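Here are a few exercises to work through with the structure open beside you. Try each one yourself before you read on to its solution.

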Amino acid sequence: MGLKQSQNVTAHPPRASVLAVDAGNSKTDVALIGPDGAVLGTARGGGFQPPVVGAEAAVASLAPLVARAARAAGFDGSPSTEHVSACLANVDLPAEEEQVTPLLAAQGWGASVTVANDTFALLRAGVADDGEPTGVAVVCGAGINCAGLGHGGRTARFPAIGRISGDWGGGSDLSLEAMWWAARAEDGRGAPTALARALPEHFGLATMYELIEGLHLGRIAPARRHELTPLLFAVAGSGDEIACAIVARLAEEVVTMATVALSRLELLGEQTPVVLGGGVLAARHPLLDDRVRELLGERAPKAEPRVVTAPPVLGAALLGLDRMGAPATAYAALRAHYARG
């Protein structure tokens with residue numbers, strides 16, 4: 001569907017085939033994509049949090065970003081595209097996808113709408129554009145998740161809603177684990193670790209007791225706990241036994257999710273990409289990256305690990321081009337744009 005002339009401020013209106021949305025826990029990217037793969041306009045905003053604000057409010061929060069991307073593309077008003085491709089964090093279950101899809105459709109941004117968990121955006125960004133897309137992706141950022149695509153459109157996924165669904169390993173879990181071991185090291189309940197000194201020092205404090213008190217009483221914002229994850233890797237890099245064990249546990253979780261997904265999809269016996277992304281995995285911490293590759297080599301010898309650092313909105317846009325049956329040149333143009341970024 002083309003844009004109405006009355007909505008455009010230029011003499012020759014650009015056409016937007018796809019509105020791509022990648023909404024994560026901490027940030028959201030939207031992009032308007034032309035039929036030739038050109039990126040016409042983009043915008044970035046805060047995280048997508050339906051568990052906190054409700055699904056309707058979370059979807060409504062996307063409207064200002066879509067409007068900004070439309071203005072950047074030269075549109076006057078909201079765009080009307082052929083397809084909305086939305087890959088969303090905190091939409092972890094098929095039931096949640098079914099809840100959010102009509103809410104997005106009601107915005108009138110596209111003639112059709114597809115909704116998927118944001119892990120599928122990472123996966124699509126990391127697999128080839130020609131032929132049937134198959135592969136598995138593990139994302140490790142604020143949380144951890146895994147999704148896979150097999151032959152014939154088969155999928156493998158996990159609930160990925162925290163400990164109640166058997167998950168461990170995102171940045172939030174890593175920071176809490178570091179705090180747990182550091183607290184016990186200081187008061188004598190646990191083994192010694194350099195984390196007990198490094199964590200409070202980061203906040204200008206002398207002891208873990210002061211850090212615990214500061215977090216508990218709100219003198220240190222809870223959101224700042226994410227700052228502890230890089231410290232964990234720094235301490236592990238120095239050879240600290242406890243910190244190294246936490247990193248090794250994360251590698252185990254990443255590879256376990258990947259190999260289970262590969263097995264479900266019957267892909268263990270063929271060359272298959274395992275796409276790694278999210279802030280923790282994309283950082284390529286040597287201890288973690290090396291251990292993940294080592295374990296994959298043992299358990300899934302034909303897996304091909306690939307770290308993707310491109311913005312996940314690329315994957316959402318590629319999924320949109322898939323839906324539109326775009327030509328190969330459109331995929332090349334889209335990937336070239338994000339490679340330059």
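**Exercise 1.** Work out the strand order of the open sheet of 5 strands, and find its edge strands.

*Solution.* This is a predicted model. Start with the order, which reads β3-β2-β1-β4-β5, with mixed pairing. Next, look for strands that pair on one side only: these are β3 (39-46) and β5 (110-117), the edge strands. Finally, compare directions: neighbouring strands of this sheet are turned against each other by 15° on average, direction ignored.

**Exercise 2.** Determine whether β2 and β3 run parallel or antiparallel, and count the bridges that join them.

*Solution.* Begin with β2, which spans residues 27-33. Strand β2 is joined to β3 by 7 bridges, and the two run antiparallel. For one concrete pair, take lysine 27: its bridge partner in β3 is glycine 46.

**Exercise 3.** Identify the strands that helices α3 and α13 meet.

*Solution.* Take α3 (residues 63-72) to begin with: this helix lies across β1 (18-23), β2 and β3. Its direction is at about 150° to β3. Then turn to α13 (residues 313-324), which packs on the sheet and touches β1, β2, β4 (81-88) and β5. The direction of α13 makes about 140° with that of β4.

**Exercise 4.** Describe the surroundings of tryptophan 181 and classify its exposure.

*Solution.* Locate the residue in helix α6 (residues 171-187). Now set aside its neighbours within four places in sequence; tryptophan 181 is then in contact with Thr193, Ile242 and Ile246. For exposure, the relative accessible area of tryptophan 181 is 25%, so the residue counts as partly exposed. As an extra distance check, go 38 residues along the chain to arginine 219: the C-alpha atoms of tryptophan 181 and arginine 219 are separated by 22 Å.

**Exercise 5.** Alanine 160 and glutamate 266 each have a positive phi without being glycine. Where do they lie, and is each one buried or exposed?

*Solution.* Take alanine 160, whose phi is near 55°. Alanine 160 sits in the loop between β8 (155-157) and α6. Its relative accessible area is 14%, so alanine 160 is buried, the cut-off being under 20%.

Move on to glutamate 266, with a phi of about 60°. Glutamate 266 is found in the loop between α10 (241-264) and β9 (272-277). With a relative accessible area of 61%, glutamate 266 is exposed, since that class begins over 50%.

Technical notes:
Residues are numbered from 1 along each chain as its sequence is written. This is a predicted model: local features need pLDDT of at least 70, side-chain atom pairs count only at pLDDT 80 or more; totals for chains, interfaces and linings use all residues. Side-chain values use heavy atoms; hydrogens and water are left out. Two strands pair if DSSP finds at least two bridges between them. Helices (H or I, at least four residues) and strands (E, at least two) are DSSP runs, numbered from the N terminus. Axes are lines fitted to C-alpha atoms, for helices over the stretch in contact, and angles run from 0 to 180 degrees between N-to-C directions. Contact means heavy atoms within 4.5 Å. Buried means under 20% relative accessible area, exposed over 50%, partly exposed in between (1.4 Å probe, protein chains only).
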